[in-house]
Amino acid sequence: MKNNSSKTIFGTDSRIIVLGIARMADALGNSFLIVVLPLYIASGEVTGDFFGFSESLITGLVIGLFGLVSSFCQPFTGRISDKMGKRRLFVLVGLFIFMLANFSYSIAHNYTALLIIRAIQGLAAALTITATLALVSEVSSNGNRGGNMGVYNAFRLIGFGIGPLASGALVEGGPYHLPIVGEFNGFMAAFALAAIAALVSFLLVAFFVHDPEDIEPNSEGMIIRFRSREPGKFLDPIFTLGLATLFMSMGFALLAPIELEVNERLSQGAFLFSVEFSALIGSMAILQPIIGKASDKYGRRIFIIIGLVCLIPIIIAEGLATQPWHMITARALHGISAAMVFAPALALAGDLAKKGQAAAQLSVLTVAFGLGISLGAFLTGYAIRFGFVVPFIIGAVLAAIGAVLVKTQVPKGEIAKS
């Protein structure tokens, strides 16, 4: 039974809106670091030697460690949240750690410190992501979970998309002068703003979000299945949705590692590349609430399958693009198709999750998304040597495999929670 005492904003539970805004501020602050940290490492602000590794390798480790630690920890932090019957507490702890870690970059001047802070951020993300998604799922019902997941993810993507653009401008605009603080460079401004964003998120959740009234501690062991318990099926439906999310997010990440190759092929500069990169995020953010709400009415599975099938020609079109407008159009369509997969998949996993296991079981999809981003980047970086179109063909094949898996392994209709 859901707690219906919470207010609504435009027909959406106010807690969903607040969690979305909080996640937007947090994502904005964290995405700052994607642009700022490589520049910070290359600026001379960071000194020392880390096992003789090259600067580029250390930069890759610093950027990638966040996702690795977060993905590893999410099932465990999710299960602890289930076991304690607490969601809001885990979100607050995670955001508080984020705030401290974001500020700590301003006093970190060696590679070891950067890696430690980045690992701590990964743990903070694991605390926040699993508890937040479980909370969104638990304050929803089967009739509005898709729309709520879409609204939440739309806010998160807006923050993620704005962050890199704002951080670049902030770094280039330094140094800055404040009456009491004095002079500080663009890096310090970016780290301070990232910390402030996490603080804003913390305060929003602290004052405006509360746990559902019916959530209780769960003493069972973590239930994450790989094999199906349904006759005639091989894979567990939630695990299958995780695989579909993995393949979708790998396609999502194909463009970023080959910026130089893309710009050379399309005879363009950095600005048009940023437009192409943002086109996917923008269309995905706009369409997720609409598609999520439609999945509440027409069913989740059909949207996931259609989205994955549509990704096949769209991803290939990106690989065949020869003009900037080709890529911009394909990336915008890519975002629409990805929205058809992600919000309904999260909602369907929430529908299927056993009561008291929501955080742990939803972590299957959040871990898959994070791993997909990393694996997609690795795939492109390796496969581009065989031809520009090759990584895109592989991405299209993976989308096709995902569609087949969802079609064959996720049963139609309601599935009993067990």
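Which hand does the crossing of α10 and α11 have, left or right? I looked this one up before anything else, and the crossing of α10 and α11 is left-handed. By that I mean that the near helix is turned anticlockwise from the far one by less than a right angle; clockwise would make it right-handed.

**Ground rules**

I am working with a predicted model, where local features need pLDDT of at least 70, side-chain atom pairs count only at pLDDT 80 or more, and totals for chains, interfaces and linings use all residues. I number residues from 1 along each chain as its sequence is written, and side-chain values use heavy atoms, with hydrogens and water left out.

**Overview**

I find 13 helices and four strands in the protein. Helices (H or I, at least four residues) and strands (E, at least two) are DSSP runs, numbered from the N terminus. Of the 418 residues, 55% are buried. For burial I use relative accessible area: buried is under 20%, exposed is over 50%, and partly exposed is in between (1.4 Å probe, protein chains only). I also checked contacts, meaning heavy atoms within 4.5 Å. Among contacts with a separation of 6 or more, 81% join residues 24 or more positions apart.

**α10 with α11**

Back to my opening pair. Helix α10 covers residues 300–320, and it packs against α11 at about 155 degrees with the axes 8 Å apart. The axes are lines fitted to C-alpha atoms, for helices over the stretch in contact, and angles run from 0 to 180 degrees between N-to-C directions. I therefore note α10 and α11 as roughly antiparallel to each other. My angle classes are: under 35 degrees roughly parallel, over 145 roughly antiparallel, 65 to 115 roughly perpendicular, and the rest oblique. The contact of α10 with α11 holds 19 nonpolar, three polar and four charged residues. Here Ala, Val, Leu, Ile, Met, Phe, Trp, Tyr, Cys and Pro count as nonpolar, Asp, Glu, Lys and Arg as charged, and the others, Gly among them, as polar.

**α12 and its two partners**

Next I took helix α4 (residues 111–138) and helix α12 (residues 358–383), which pack at about 115 degrees with axes 9 Å apart. The two are therefore roughly perpendicular to each other. The crossing of α4 past α12 is right-handed. On the α4 side I see I129, T130, L133, A134, S137 and E138, and on the α12 side A358, A359, L362, S363 and T366. By class, that contact has six nonpolar, four polar and one charged residues.

Then I followed α12 to helix α13 (residues 390–409): the angle is about 140 degrees and the axes are 8 Å apart. That makes α12 oblique to α13. L379, T380 and A383 of α12 meet V390, P391 and I394 of α13. I count the classes there as five nonpolar, one polar and no charged residues.

**Cores**

Which residues have the most contacts inside the largest nonpolar core? They are V205, L241, V262, M284, I304, L308 and L365, in a core of 88 residues. A nonpolar core is a set of buried Ala, Val, Leu, Ile, Met, Phe, Trp, Tyr and Cys residues joined through side-chain atoms within 4.5 Å. Helix α11 (residues 324–352) supplies the largest share of this core, twelve residues. A second, separate core has 22 residues, including I41, L114, I117 and L170.

V205 touches V18, L19, A22, R88, V91, L92 and L95, leaving out residues up to four places away in sequence.

**Single residues**

A206 sits in helix α6 (residues 186–208). At 23% relative accessibility, A206 counts as partly exposed. With the same four-place exclusion, A206 touches R88 and L92. The C-alpha atoms of A206 and V91 are 9.2 Å apart, with their positions 115 residues apart along the chain.

T77 is in helix α2 (residues 55–84). T77 is buried at 6% relative accessibility. Beyond four places in sequence, T77 contacts F90, L123, A126, L127 and T130.

G350 belongs to α11 and is buried, with a relative accessible area of 4%. From G350 to L133 I get 8.9 Å, C-alpha to C-alpha, for a pair 217 residues apart in sequence.

Where is S267 placed? It lies in the loop between α8 (259–266) and α9 (270–298). S267 is exposed, at 67% relative accessible area. Phi of S267 is near 50 degrees, a positive value in a residue other than glycine. Most residues other than glycine have a negative phi.
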